[in-house]
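Trainee: Before we discuss anything in detail, could we put the chain on the screen and go through it by question and answer?

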Amino acid sequence: MAMAAKHRASALKQQNKKHKVLGHRTKGQLTKVNKGRVAITAQSRRAKKEMSREQRKNQMKQIRSQKREEAMSQKRAVGTANNPPFLVTIVPLSPDINPRKIISALTSCDPEATTTTSAQGIVHLSSMRYKQRFSFIIPPVNDLYAILDSVKVSNTLMLLWPARDEVEDAAELVLSSIMAQALPATIHIAASMDDMAHKRKMQMRQRVVKEIESRFPGNAKLFTLESDQEAMLVLRHIGSQKQRPVFFKDNRPHMMAEKVEFEEKGPTGTLKVYGYVRGQPLSVNGLVHVPGWGDFQMSHTYLLDDPHPLERKGKNATMTNDEPQLIEEANPESQETLISTNEVDPMEGEQTWPTQEELEEAEENTKPKPRTKRVPKGTSEYQAAWILDSEEDDNGDGDEDDIDSQMDNSDFAPVDAMSQDGCEQEEEEEEDEEEYETMTLPDPEGANYDDKYDYKEDMDALEKLRAARDDAEFPDEIDTPRDIPSRIRFQKYRGLQSFRTSAWDPDENLPVDYSRIFQFKNFFHSKKRIMKEEREGALPGWYIIVHIQDVPRHLYDSQVTSQAPLVIFGLLPHEQKMSVMNIVIKSHSLGHYRPIKSKERLIFHVGFRRFANSPIFSEHSTGNKHKFARYFHPGTTVVASMFAPITFPPVSVLMFRERPDGAQDLVGTGSLYDMNPKRIVVKRVVLSGFPFKINRKSAVIRHMFFNREDIMWFKPVELRTKWGRRGHIKEALGTHGHMKCYFDGQLKAQDTILLNLYKRMFPKWTFDPHAARPPPLYTFKSSGNAADSSDEENEENQPAKKARVVQFHNSGL
């Protein structure tokens with residue numbers, strides 16, 4: 001019997017994973033497994049810096065005590081005897097609310113408190129019960145800029161909420177601007193609910209609390225001032241609540257003007273500002289910035305006795321100031337200069353400008369002249385409009401007939417009759433002069449409608465809307481010009497192999513304006529070094545007089561007229577110099593309802609500064625090149641680049657758009673990104689063509705160029721299609737713009753061939769330090785307004801008059 005053949009496993013037999021076996025491994029096996037990694041040697045606990053349980057508990061205890069001491073020092077730095085008082089800005093969210101009643105309730109709740117009032121209308125309250133001082137300021141309810149300036153330097157914001165279901169549009173603008181700028185510690189007061197029934201009051205209170213919760217998460221406590229106990233509770237809350245840090249305020253010296261004087265010296269003068277130093281020490285050799293005015297130098301600082309001390313002086317004590325003591329006098333050698341740019345003017349001596357007389361004469365010639373008419377006495381304007389002029393009544397035929405008849409009669413008239421007729425004619429002329437008069441007629445309704453209607457502006461707005469719509473639908477695509485060669489039209493553009501990785505020298509072909517600005521070698525390192533420097537001068541809490549020199553007279557007059565609070569900020573080193581500012585802007589739904597084109601004039605609030613500029617927009621992306629954005633569309637985020645003074649971040653930014661009537665819409669909010677002139681903003685242009693004949697991997701393309709020379713000029717640039725194909729130009733066919741191209745695959749008949757070109761964009765020098773104030777938020781047509789009244793005694797005895805007709809100017813929708 002033959003033996004059965006034994007089965008042999010083939011080379012393709014499945015090999016299952018073996019079980020792990022504990023055993024000795026050779027050095028080669030360990031090297032193969034570790035792949036060059038070296039085992040970590042055992043270290044002691046001291047070398048590893050490991051702490052025991054008791055050591056960790058002690059460390060956490062030290063950290064807690066350190067943070068507690070920092071919080072207590074921050075609280076004690078405001079409101080005590082040797083520190084500036086709590087500055088509270090009261091902002092009513094309705095024109096019907098009288099903020100003077102709130103101040104009256106707060107100042108009368110404590111009989112032992114001392115109340116004084118400064119020259120600028122700031123009410124000071126010194127409470128011996130809490131051993132704290134408070135300062136209350138009410139900015140004009142109609143002035144948005146005044147409210148924002150007051151909040152910039154305030155420790156607490158007191159919002160007066162009306163008894164309404166919804167917040168008005170004006171209050172919405174004020175709240176949005178304050179929260180985007182920098183929100184200090186906030187306290188909410190329920191106003192205008194005293195006359196309501198209890199049930200109605202509770203319902204309205206719940207609605208207001210719900211509105212506060214939606215806007216201020218975690219801070220929805222609503223106070224009332226119906227009794228002295230509640231007013232005392234409000235004062236206690238202001239003095240004990242946690243202060244919110246604001247970088248641009250806490251790291252710079254700043255003041256709220258308690259009193260302002262102006263000493264005129266020729267076209268300019270010296271502005272004397274009285275007030276408490278806050279934030280950081282104020283050095284006389286530095287510079288100060290007045291929002292809306294600009295940067296100025298200081299000459300002297302003087303120390304005065306505190307006019308609002310924390311002591312018992314009786315109710316409504318008067319202020320007493322002793323002789324001022326000199327703190328510092330400016331040293332010309334170490335004083336900061338106002339030079340902000342490097343003067344570079346290659347066209348110096350070549351510019352000619354019209355004189356003031358020529359401008360006035362041209363303006364007079366363009367004014368319309370009034371229309372006059374000679375009418376009988378007692379004629380009304382309506383009747384005069386129906387009387388035709390003599391030139392319109394008479395025609396040439398009638399005049400010739402009258403002249404012929406007069407000539408015929410004159411041949412046979414005697415001499416006496418002619419003289420008699422002459423006398424009668426003179427008497428009739430005298431009577432006509434007495435019975436007639438010259439009247440200036442108004443223009444009929446609709447006669448000058450075209451003079452008031454700006455057709456060009458209307459067409460420009462329509463063109464902008466169409467261009468923005470085309471840019472959203474077809475980004476960067478433009479039509480190839482036919483009247484000018486493409487190699488000339490796009491001579492400043494270049495092709496890139498890769499937008500992300502291709503090299504671009506940031507110092508290449510810079511415009512002349514870049515020679516006027518300043519640049520840091522390392523911006524953030526310089527900022528860190530400046531923040532660590534020790535500062536000298538008037539310490540926080542001192543009541544001083546600052547002499548600001550070379551202030552124009554018209555700025556002081558405008559401040560007196562507007563009755564807006566005056567605040568000043570001390571500048572850090574180099575903050576008066578110009579550079580390229582890049583800010584991140586996010587669209588705001590309140591006023592951004594149409595696209596904004598690059599290089600359009602806008603109003604910016606950058607921290608403590610306020611100016612107008614025309615920035616260029618780019619995408620907020622990573623990398624060393626950023627795509628230029630032709631439009632800032634609603635609901636998007638962009639980076640705005642412009643020439644502006646150096647400011648050290650973090651700083652909040654507000655962006656307003658100015659309308660033709662002067663009103664301003666809040667279109668964006670954001671923060672300062674950096675001060676970097678080397679940011680590369682690249683504009684992309686896309687030329688499109690269409691396949692004419694399609695082969696396997698080649699195709700004939702037309703309508704991208706219209707002559708042979710343009711095809712040969714752009715031959716090195718890579719092509720791409722909307723469906724993802726890539727290719728290049730092989731050769732030109734004929735002389736009318738047809739070209740043969742190769743691609744990495746076969747094209748579709750409905751595909752579009754694209755050619756990308758790039759050019760670097762630079763901002764224009766459009767910085768304007770003086771931004772016009774917007775019109776009032778409300779228009780009051782009644783005889784009085786509760787928010788603007790200043791007579792406290794009359795307000796306590798008589799109810800405030802409410803504004804009957806209120807119109808909001810800032811809606812824009």
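**One helix, its core and its rings**

Mentor: In this predicted model, helix α18 covers residues 523-532, and its buried residues are Phe-523, Ser-526, Lys-527 and Ile-530.

Trainee: Within what arc do the buried residues of α18 fall, seen down its axis?

Mentor: The directions to be compared are those of the buried residues Phe-523, Ser-526, Lys-527 and Ile-530. Seen down the axis of α18, these residues line one face of the helix, because they fall within an arc of 100°.

Trainee: Which residues of α18 are exposed on the other side, and what covers the buried ones?

Mentor: The cover over the buried residues of α18 includes α9 (247-250) and β28 (664-675). On the other side of α18, the exposed residues are His-525, Lys-528 and Lys-532.

Trainee: Which element gives the largest share of the largest nonpolar core?

Mentor: The largest nonpolar core has 40 residues, and those with the most contacts inside it are Met-581, Ile-583, Phe-604 and Phe-617. Two or more residues each come from α18, β18 (567-570), β19 (578-587), β21 (602-606), β26 (637-645), β27 (652-658) and β28. The largest share of this core is four residues, and the element that gives it is β26.

Trainee: Which residues does Phe-604 touch, if residues up to four places away in sequence are not counted?

Mentor: Phe-604 is one of the residues with the most contacts inside the largest core. With residues up to four places away in sequence left out, Phe-604 touches Ile-583, Arg-609, Arg-610, Phe-611, Asn-613, Pro-615, Met-642, Val-653, Leu-654 and Met-655.

Trainee: How many residues does the second, separate core have?

Mentor: Among the members of this second core are Ala-171, Val-174, Met-193 and Leu-654. The second core is separate from the largest one, and its size comes to 36 residues.

Trainee: Turning to the rings, how many aromatic pairs are there, and what is the geometry of the pair Tyr-514 and Phe-643?

Mentor: The count of aromatic pairs comes to 19. The ring centres of Tyr-514 and Phe-643 are 5.6 Å apart and the planes stand at 80°, so the geometry of this pair is edge-to-face.

Trainee: How many residues apart in sequence are the parts that this pair ties together, and are its two members buried or exposed?

Mentor: Tyr-514 has a relative accessible area of 12% and Phe-643 one of 0%, so Tyr-514 counts as buried and Phe-643 counts as buried. Tyr-514 lies in the loop between α17 (486-489) and α18, whereas Phe-643 lies in strand β26, so the parts tied together are apart in sequence by 129 residues.

Trainee: What is the geometry of the pair Phe-617 and Phe-632?

Mentor: Phe-617 lies in strand β23 (residues 616-619) and Phe-632 in strand β25 (residues 631-632), so this pair ties together parts that are 15 residues apart in sequence. Phe-617 is buried at 0% relative accessibility, and Phe-632 is buried with a relative accessible area of 0%. The ring centres are 5.6 Å apart with the planes at 50°, so the pair is tilted.

Trainee: Over which rings do the charged ends of Arg-494 and Lys-577 sit?

Mentor: The charged end of Arg-494 is 4.2 Å from the centre of its ring, which belongs to Trp-504. For Lys-577 the distance from charged end to ring centre is 5.0 Å, and the ring is that of Phe-518.

Trainee: Where is there a cis peptide bond?

Mentor: Most peptide bonds are trans. Pro-650 lies in the loop between β26 and β27, and the cis bond, with omega near 0°, runs from Pro-649 to Pro-650.

Trainee: Which residues other than glycine have a positive phi in the loops after β3 and β30?

Mentor: In the loop between β3 (123-127) and β4 (132-137) lies Lys-131, which is exposed with a relative accessible area of 56%. In the loop between β30 (698-702) and α20 (708-713) lies His-703, which counts as partly exposed at 41% relative accessibility. Phi is about 55° for Lys-131, and phi is near 70° for His-703.

Technical notes:
Residues numbered from 1 in each chain as written. Predicted model: local features only at pLDDT ≥ 70, side-chain atom pairs only at ≥ 80, totals over all residues. Heavy atoms only, no water. Buried < 20%, exposed > 50% of the residue type's maximum accessible area, 1.4 Å probe, protein only. Arc of directions from axis to C-beta. Contact = heavy atoms within 4.5 Å. Core = buried A, V, L, I, M, F, W, Y, C linked by side-chain atoms within 4.5 Å. Phe/Tyr/Trp six-rings, centres within 6.5 Å; stacked < 30°, edge-to-face > 60°. Lys NZ or Arg CZ within 6 Å of the ring centre and 35° of its normal.
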